[in-house]
Amino acid sequence: MSAFVGKYADELIKTAKYIATPGKGILAADESTGTIGKRFASINVENVESNRQALRELLFTSPGAFPCLSGVILFEETLYQKTSDGKPFVDLLMENGVIPGIKVDKGVVDLAGTNGETTTQGLDSLGARCQEYYKAGARFAKWRAVLKIGATEPSELSIQENAKGLARYAIICQENGLVPIVEPEVLTDGSHDIKKCAAVTETVLAAVYKALNDHHVLLEGTLLKPNMVTPGSDSPKVAAEVIAEYTVTALRRTVPPAVPGIVFLSGGQSEEEATLNLNAMNKLDVLKPWTLTFSFGRALQQSTLKAWAGKTENVAKAQATFLIRCKGNSDATLGKYTGGASGDSAASESLYEKGYKY
Amino acid sequence: MSCFKSKFADELIANAAYIGTPGKGILAADESTGTIGKRFASINVENVESNRRALRELLFTTPGALQYISGIILFEETLYQKTASGKPFVDVMKEAGVLPGIKVDKGTVELAGTNGETTTIGLDGLGDRCKKYYEAGARFAKWRAVLKIGDNEPSELAIHENAYGLARYAVICQENGLVPIVEPEILVDGSHDIEQCAYVTERVLAVCYKALSDHHVILEGTLLKPNMVTPGSDSGSKVKPEVIAEHTVRALQRTVPAAVPAVVFLSGGQSEEEATVNLNAINQLKGKKPWSLTFSYGRALQQSTLKAWGGKEENFEKAQKAFLARAKANSEATLGGYKGDAQLGEGASESLHVKDYKY
């Protein structure tokens with residue numbers, strides 16, 4: 001085949017398929033130290049290692065959450081952290097049927113000559129790092145490429161660079177036993193309508209799958225983490241069913257059936273919006289040869305963070321809040337979410353930040 | 001969307017979906033005058049218009065056959081021909097629920113500097129021709145791109161040229177109301193194994209779908225006509241239909257978006273029976289197949305019919321029976337229900353491979 005079939009092929013296929021299990025999804029808990037600092041600032045918590053460890057322990061030990069999750073994406077620091085009882089996080093997760101994943105990109109840098117477009121870095125030492133992460137227990141990875149919509153964006157250069165970067169990252173992961181999550185995020189920033197987002201998303205995804213083919217990536221051992229297709233952040237909102245239709249159409253036009261699962265990013269959507277949109281997609285009566293699930297960061301943690309506010313006495317309350325979002329999204333992957341999972345106002349709060357930088 | 005806005009969009013999508021109706025497939029009866037001449041020569045029939053008309057009438061009026069056919073690809077001459085009693089062929093088809101299609105390419109020319117690789121011509125004035133064909137009743141079109149496997153083939157140039165030619169043809173068709181069948185045929189000639197064929201097929205299809213995206217083609221209003229994935233004709237290895245099915249479906253899973261409603265296989269040099277049995281295995285295979293998988297057969301639907309006819313009117317009925325048998329068999333194959341019991345006409349198991357086949 002045109003696909004590279006290395007020694008990890010069977011394992012990659014099995015892992016990717018498991019992550020895409022209907023009823024389960026991914027918790028993106030891979031905020032870099034800088035990014036988690038912003039979150040902590042919003043709840044007046046000091047950005048020190050013990051607090052970062054405490055938050056993740058809170059999430060990973062939430063009673064009842066495990067069945068809703070197939071994987072958790074971690075930041076490097078977290079991969080090596082333990083619970084307060086001394087149990088490595090990766091062991092805790094694996095014992096409970098949740099696969100540890102690892103963010104492997106090193107952020108974005110500007111593409112000279114463009115209007116603020118970027119490419120993602122991190123390829124140089126990637127093979128060796130993947131081997132280390134595999135040894136530490138990681139079985140999937142994530143790399144975020146970022147594109148934006150503007151009068152002349154995304155440019156051909158930006159699409160090509162980001163697609164190729166994703167493809168190179170993907171094959172290196174597969175050579176070293178990690179399922180690559182391919183994430184070409186088209187930002188919501190802008191005043192464009194949903195049709196424009198659809199056109200750009202389709203063009204970007206077509207370029208991504210061409211690049212993956214060029215680089216001999218084994219599609220059965222990958223996952224896709226795309227944006228949903230929505231109007232721009234400065235445009236009027238539309239119903240979840242409309243988002244579902246445009247999103248699924250875009251994916252049907254570009255994502256080969258060999259890909260086992262599509263794990264959506266939540267972008268700046270509120271917790272509730274993200275769940276409702278995912279639900280609408282799964283209810284849509286059209287043939288979808290991949291499972292549609294979540295890989296949510298902010299949209300799974302927002303109200304949990306607020307409930308915790310860094311205080312030990314709030315842990316149980318925060319965990320209960322987290323479970324509500326997990327269950328809601330698990331139901332959404334089956335098209336069974338009935339809305340209003342928590343009466344919490346935080347759940348409806350938009351998490352949109354202009355020009356969002358991780 | 002990245003696809004263009006067409007006033008024909010709804011019609012294109014409906015027609016493409018119809019062609020992929022389970023239990024139906026395409027009869028490729030678009031042999032050019034030169035090519036049909038070769039067929040006639042093999043059965044000692046003179047290559048004159050009346051004989052060409054007679055053969056097509058034989059096929060299109062076979063009692064009970066058209067229920068298995070969703071579309072017929074025609075050569076330009078045939079689009080304007082009538083039955084002996086004066087009924088236009090396109091009307092015969094319409095009344096039987098069969099969409100008329102039209103071959104629109106003008107054959108292949110060599111790519112200088114390559115080792116005998118080709119590109120397909122026919123883009124000049126294609127829009128106008130499509131308009132005319134639409135007026136005459138055609139609702140889909142076909143354009144055959146050809147690639148071969150060799151030590152250095154297919155080259156990047158050949159893949160790119162053929163893929164982008166297909167994409168340009170496809171969007172021009174859609175602008176003018178015709179569903180484009182996208183046909184990137186990788187010839188079976190060669191001594192390569194099935195893995196090599198799979199590799200090349202996946203690479204070629206990936207480029208095709210990138211090209212179609214670049215050209216803003218509406219995928220829901222297209223069909224794909226690929227080769228099955230098989231060992232080369234000189235490889236000396238014969239593999240089971242299940243193996244062909246597995247490699248073929250996997251190649252399609254890795255490259256063909258779910259928006260494409262149907263994949264209509266070409267038969268290449270396969271015998272009638274092989275082509276049916278392989279299609280059957282493909283439809284029996286368990287796995288993700290979000291598109292219909294059906295036939296667009298020329299030789300593999302007509303071989304034994306031609307032999308039975310021999311150009312003689314008294315053989316008309318016998319020949320029609322042979323055609324009905326193959327049409328029914330392939331219909332069953334699209335449902336994974338072929339039991340290998342089609343009345344094997346003379347020549348049904350005969351390989352139809354012609355080295356370096358030129359249409």
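A salt bridge here is a side-chain nitrogen of Lys or Arg within 4 Å of a carboxyl oxygen of Asp or Glu. Lys210(B) and Asp214(B) fit that description, with their side chains meeting at 2.8 Å, N to O. Please keep in mind that this is a predicted model. Below is a friendly walk through its salt bridges, its nonpolar cores, one helix of chain B and its cysteines.

**Salt bridges**

- Over all chains, the count comes to 34 salt bridges.
- Lys210(B) and Asp214(B) sit four residues apart in helix α8 (residues 194–214) of chain B, which is about one turn of the helix.
- The two partners differ in exposure: Lys210(B) counts as buried because its relative accessibility is 14%, while Asp214(B), at 33%, counts as partly exposed.
- A second pair in chain B joins Arg250(B) to Glu246(B), with the closest N and O atoms 3.5 Å apart.
- About one helical turn separates Arg250(B) from Glu246(B), because they are four residues apart in helix α9 (residues 241–253) of chain B.
- Glu246(B) has 38% relative accessibility, so this residue counts as partly exposed.
- In chain A, salt bridges with shared partners tie Asp30(A), Lys103(A), Lys142(A), Arg144(A), Glu183(A) and Glu185(A) into one network.
- Within chain A, Lys103(A) and Asp30(A) form a salt bridge at 3.5 Å, N to O.
- This pair links distant parts of the chain, 73 residues apart: Lys103(A) belongs to strand β3 (residues 99–103), and Asp30(A) to the loop between β1 (25–29) and α2 (33–42).
- Lys103(A) and Asp30(A) are both buried.

**Nonpolar cores**

- The largest nonpolar core has 108 residues, and Phe60(A) and Tyr169(A) touch the most other members.
- Helix α8 (residues 194–214) of chain A gives the most to this core, contributing 11 residues.
- Leaving aside residues up to four places away in sequence, Phe60(A) touches Leu27(A), Ala29(A), Phe66(A), Val72(A), Leu74(A), Thr78(A), Phe89(A), Leu92(A) and Leu93(A).
- Another core, of 107 residues, lies apart from the largest one, and its members include Val45(B), Val90(B), Ala145(B) and Ala198(B).

**Helix α12 of chain B**

- Helix α12 (residues 316–334) of chain B has 19 residues, so at 1.5 Å a residue it should span 27 Å; its end C-alpha atoms are 27 Å apart, in agreement.
- Among the buried residues of α12(B) are Ala319(B), Gln320(B), Phe323(B), Arg326(B), Asn330(B) and Thr334(B).
- The buried residues of this helix pack against β1 (25–29), α3 (49–60), α10 (272–284), β10 (292–297) and α11 (299–309) of chain B.
- After α12(B) comes Gly336(B), which has a positive phi, near 70 degrees.

**Cysteines**

- How many disulfides does a search of the whole structure find? The search finds zero over all chains.
- Cys68(A) is in no disulfide, and the nearest cysteine sulfur, in Cys326(A), is 5.5 Å away.
- Cys68(A) counts as buried because its relative accessibility is 5%.
- Why does Cys130(A) lack a bond to Cys173(A)? The sulfur of Cys173(A) is the closest cysteine sulfur to that of Cys130(A), but the 4.1 Å between them is too far for a bond, as a disulfide needs sulfur atoms within 2.5 Å.
- With 0% relative accessibility, Cys130(A) counts as buried.

Notes: Residues are numbered from 1 along each chain as its sequence is written. Chains are lettered from A and ligands numbered from 1 in the order in which they are written. This is a predicted model: local features need pLDDT of at least 70, side-chain atom pairs count only at pLDDT 80 or more; totals for chains, interfaces and linings use all residues. Side-chain values use heavy atoms; hydrogens and water are left out. A nonpolar core is a set of buried Ala, Val, Leu, Ile, Met, Phe, Trp, Tyr and Cys residues joined through side-chain atoms within 4.5 Å. Buried means under 20% relative accessible area, exposed over 50%, partly exposed in between (1.4 Å probe, protein chains only). Helices (H or I, at least four residues) and strands (E, at least two) are DSSP runs, numbered from the N terminus. Contact means heavy atoms within 4.5 Å. The expected span of a helix is 1.5 Å times one less than its number of residues.
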